[in-house]
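Biologist: I'd like to learn how to read a model like this one. Could you take me through it feature by feature?

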Amino acid sequence: MLAPPAHPRAAPAAATCSTNPNPQPCCAEGTRRQPHRGSDSPLLDETLKWTENRLVCEVQSEVTKWIKINKKDREDSRKRKRSQKDEMKFKELLPDQLVLLLELLLEVKSFSSRTLQLLQKHYCLREQDAEVRHRWYELVIKHKHTVAYGDLIKFLEQDQAMGVYLYGELMVNEDAKQQHLVHRCFTKLQEEMDPSLRKVVAEMIL
């Protein structure tokens with residue numbers, strides 16, 4: 001079995017917020033920077049920098065909330081009768097913000113199934129674009145969130161090119177259910193897969 005191909009995303013770097021009225025760019029690695037609009041518009045440049053800084057800081061705030069919910073969920077899972085999500089207000093995030101949010105949450109060692117269900121429900125992750133769903137299914141695989149395996153299978157079937165990396169992740173985990181899922185999907189899809197993709201997946205799982 002070969003190691004999975006290099007991930008299309010880079011690991012996010014730490015991003016910090018600034019209270020300076022003219023903040024410097026605050027950008028995690030992997031986020032998409034705004035296109036350059038010309039050096040003759042300093043006011044526009046500063047506005048873009050401030051906007052970028054604000055959007056990243058909003059994501060960091062949401063990450064902190066989810067980590068707190070997850071910690072509380074693990075501590076009080078036997079006592080709590082109502083969702084901890086009800087105690088916090090969450091922002092609606094843009095697609096690029098969701099990508100960054102999920103990349104940062106991937107750095108967290110463990111998540112409860114309940115927290116992952118709340119995360120999916122709040123952001124409607126299964127209905128987002130392929131980039132967002134790809135990161136979501138990485139979380140699903142990492143934490144063996146079996147509730148979402150059906151959606152993961154659909155992603156592997158419908159977004160075959162983006163799903164290649166996920167095949168590798170599923171095999172590396174050495175989880176019996178995940179490996180069975182991989183072989184079942186590949187057996188079903190191999191005849192309709194692009195030859196180059198089929199070769200890459202076959203080398204990872206056979």
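Modeller: Sure. Let's begin with a cut-off: a residue counts as buried when its relative accessible area is under 20%. Keep in mind that this is a predicted model.

Biologist: Is Trp66 buried or exposed, then?

Modeller: Trp66 has a relative accessible area of 0%, so it is buried. Tyr123 comes out at 3% and is therefore buried too.

Biologist: How do I read aromatic rings, and how many aromatic pairs are there?

Modeller: A pair of aromatic rings is described by the distance of the centres and the angle of the planes. Rings pair if their centres lie within 6.5 Å, and planes between 30 and 60 degrees apart make a tilted pair. By that rule the count is three aromatic pairs. One of them joins Trp66 and Tyr123: the centres are 6.0 Å apart, the planes make 55°, and the pair is tilted.

Biologist: Which parts of the chain does the pair of Trp66 and Tyr123 tie together?

Modeller: Trp66 belongs to helix H1 (residues 42-76) and Tyr123 to helix H3 (residues 113-123), so the pair links parts that are 57 residues apart in sequence. Tyr137 and Phe155 also form a tilted pair, with 5.2 Å centre to centre and 45° between the planes. Here Tyr137 sits in helix H4 (residues 130-142) and Phe155 in helix H5 (residues 149-158), so parts 18 residues apart in sequence are tied together. Both Tyr137 and Phe155 are buried.

Biologist: Which residues form an aromatic cluster?

Modeller: Trp66, Phe90 and Tyr123 form one. Phe90 has a charge to look at as well: the charged end of Lys65 sits over its ring, 5.6 Å from the centre.

Biologist: On to helices. How many residues of helix H2 are buried?

Modeller: First, the general idea: an α-helix has 3.6 residues a turn, so residues three or four places apart point the same way. In helix H2 (residues 95-105), eight of the 11 residues are buried, so the helix is largely enclosed by the rest of the structure. Among the buried ones are Gln97, Glu103 and Leu105. In H3, the buried residues include Thr115, Gln120 and His122. Right after H3 comes Cys124, with a positive phi near 50°.

Biologist: And the nonpolar core? Which residues touch the most other members?

Modeller: The largest nonpolar core has 51 residues, and Trp66, Leu101, Leu119, Tyr123, Trp136 and Leu152 touch the most other members. Among the elements that give two or more residues to this core are helix H6 (160-172), helix H7 (176-189) and helix H8 (195-205). H4 provides the largest share, seven residues.

Biologist: What does Leu101 touch?

Modeller: Not counting residues up to four places away in sequence, Leu101 touches Val59, Glu62, Val63, Trp66, Leu93, Leu119 and Tyr123.

Biologist: Now a charged residue: is Glu58 buried or exposed?

Modeller: Glu58 is found in helix H1. Its relative accessible area is 16%, so Glu58 is buried. Leaving aside neighbours within four places in sequence, Glu58 is in contact with Lys91 and Gln97.

Biologist: Last one: where is His145?

Modeller: His145 is in the loop between H4 and H5. At 4% relative accessibility, His145 counts as buried. Leaving aside neighbours within four places in sequence, His145 is in contact with Ser113, Leu116, Gln117, Trp136 and Val140. The C-alpha atoms of His145 and Ser113 are separated by 6.1 Å, although the two residues are 32 residues apart along the chain.

Key: Residues numbered from 1 in each chain as written. Predicted model: local features only at pLDDT ≥ 70, side-chain atom pairs only at ≥ 80, totals over all residues. Heavy atoms only, no water. Helix = DSSP H or I, 4+ residues; strand = E, 2+ residues; numbered from the N terminus. Buried < 20%, exposed > 50% of the residue type's maximum accessible area, 1.4 Å probe, protein only. Lys NZ or Arg CZ within 6 Å of the ring centre and 35° of its normal. Core = buried A, V, L, I, M, F, W, Y, C linked by side-chain atoms within 4.5 Å. Contact = heavy atoms within 4.5 Å.
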